[in-house]
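Subject: Handover of a structure and notes on its features

Dear colleague,

Please find below the structure that I am handing over to you. My notes on it follow directly after.

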Amino acid sequence: MSDESHIRHRHAADGRDLSYPPLPEALVVGVYDNHTHLEIADGDDPLDYREQLDRASSVGVRGVVQVGNDVETSRWSADMAAVEPRMLAAVAIHPNDAPDYEARGELDDALQVIAELAGRPRVRAVGETGLDFFRTDESGREAQFRSFEAHIEIAKQNDLALQIHDRDAHDDVIRTLKRVGAPERTVFHCFSGDADLAELCADNGWYMSFAGNVTFKNAGQLREALEVAPRALLLVETDAPFLTPTPYRGRPNAPYLIPHTLRAMADHLRTDVSMLAAQISSNTELVYGRWDSEPVASPPTTPIGSVA
């Protein structure tokens, strides 16, 4: 039996449609999903990670960055990226988990594991890390700051990209990056700021990754930020299984749905979707490297784990 300790389950909200949306029209020019969580099971019939990747490949998604949020999911992400050519890994302790590790006296040990995983083949980012003042109150913020700064140092020591989680904490995230020094390749995952923050990111050469919420009717502020973000600093992601793009908002998200977000971005920017895809694909490889630049190991005879 495979070890499935990495699997997390999304809580089903009352009344939410738990069926996966149909496949979208395939992209002519492919892109990468630079932030997804294939370890989180969602829906009435959760998709195995292999089915997730097969569906993504069929619609022009060239690869994914699988993102860990704690020790177990980060280790699984690194293990899977080592044997799956369509996957790279990001490893970290999520800012909302850092206070829990600290309360148990385990944060330093957890950060040491992340530092070790950061040196593994095909681990190309440290994240998601950062600050979240929406779900964590004052009592947990010291642990968040300490964890964030440790992750920044791990990224710099290993010359890896940094994926930032920033929720209701823009000013403190910026101050921290300025104070300790941001890694060369810094990504604001699921960009949630306004045009002013987009301009600040642009001034510092920080990448902005837009997710399905940029398609939401009430997300005018995000679309204004998209307008001022330089094309050379744009990325796209799903943050699956969350933030499913219009017209399937609320249903389970997956990497194969990224064409909806990309097409909405191109439509808002009044540009050709293939041109935007080519730019974003190039940007993604500049941040994380090529998916085929390191060979994968032979897959194990027994699956490492599945989300099913």
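A residue is called buried here if its relative accessible area is under 20%. Gly-140, at 5% relative accessibility, therefore counts as buried. Please bear in mind throughout that this is a predicted model.

The sheet

The model contains an open sheet of eight strands, in the order β2-β4-β5-β6-β7-β8-β9-β10, and the pairing is parallel. Its edge strands are β2 and β10, the latter covering residues 234-236, and each of the two pairs on one side only. On average, neighbouring strands of this sheet are turned by 30° against each other, with direction ignored. In general, strands of a sheet pair through backbone hydrogen bonds, in either a parallel or an antiparallel manner.

At one edge, strand β2 spans residues 31-36. Six of its six residues are buried, so β2 is largely enclosed by the rest of the structure. Strand β2 is joined by four bridges to strand β4, residues 61-67, and these two strands run parallel. Within this pair, Val-31 stands opposite Val-61 of β4.

At the other edge, β10 is joined to strand β9, residues 207-210, by three bridges, and the two run parallel. Phe-210 has Val-236 in β10 as its bridge partner.

Helices on the sheet

Helix α5, made up of residues 141-157, packs on the sheet and touches β6 and β7, the latter being residues 161-167. The direction of α5 makes about 160° with that of β6. Helix α2, residues 71-83, lies across β4, β5 (87-91) and β6 (123-132). With respect to β5, helix α2 runs at about 155°.

The residue with which these notes began can now be placed: Gly-140 is in the loop between β6 and α5. Gly-140 lies 32 residues from Asp-108 in sequence, and the two are 15 Å apart in space, C-alpha to C-alpha.

Pairs of helices

Two helix pairs deserve a description. In one of them, helix α7 (residues 195-204) packs against helix α8 (residues 220-228) at an angle of about 30°, and their axes are 8 Å apart. Because angles under 35 degrees count as roughly parallel, α7 is roughly parallel to α8. The crossing of α7 past α8 is right-handed. On the α7 side, the contact is made by Ala-195, Ala-198 and Glu-199, and on the α8 side by Glu-224, Ala-225 and Val-228. Of the residues in this contact of α7 with α8, four are nonpolar, none is polar and two are charged.

In another pair, helix α9 (residues 258-269) and helix α10 (residues 273-288) pack at an angle of about 115°, with 9 Å between their axes. Angles of 65 to 115 degrees count as roughly perpendicular, and α9 is therefore roughly perpendicular to α10. The crossing of α9 and α10 is also described as right-handed. Helix α9 contributes Leu-262, Arg-263, Met-265, Ala-266 and Leu-269 to the contact, while α10 contributes Val-273, Leu-276, Ala-277 and Ile-280. The residues of the contact of α9 with α10 comprise eight nonpolar, no polar and one charged.

Backbone details

Several points of backbone geometry may be inspected in the model. The peptide bond that runs from Gly-127 to Glu-128 is cis, with omega near 10°. Glu-128 belongs to strand β6. A cis peptide bond also joins Ala-240 and Pro-241, where omega is about 10°. Pro-241 is placed in the loop between β10 and α9.

That loop between β10 and α9 also holds Asp-239. Although Asp-239 is not a glycine, its phi is positive, at about 55°. With a relative accessibility of 10%, Asp-239 counts as buried.

Asp-159 is likewise not a glycine and has a positive phi, of about 50°. Its place is in the loop between α5 and β7. Is Asp-159 buried, partly exposed or exposed? At 49% relative accessibility, Asp-159 counts as partly exposed, because that class lies between the buried cut-off and the exposed one, which is over 50%.

With kind regards

Key:
Residues numbered from 1 in each chain as written. Predicted model: local features only at pLDDT ≥ 70, side-chain atom pairs only at ≥ 80, totals over all residues. Heavy atoms only, no water. Axes fitted to C-alpha atoms, helices over the stretch in contact; angles between N-to-C directions. Parallel < 35°, antiparallel > 145°, perpendicular 65-115°, else oblique. Left-handed = near helix turned anticlockwise from the far one by under 90°. Contact = heavy atoms within 4.5 Å. Nonpolar A, V, L, I, M, F, W, Y, C, P; charged D, E, K, R; others polar. Buried < 20%, exposed > 50% of the residue type's maximum accessible area, 1.4 Å probe, protein only. Pairing = 2+ DSSP bridges.
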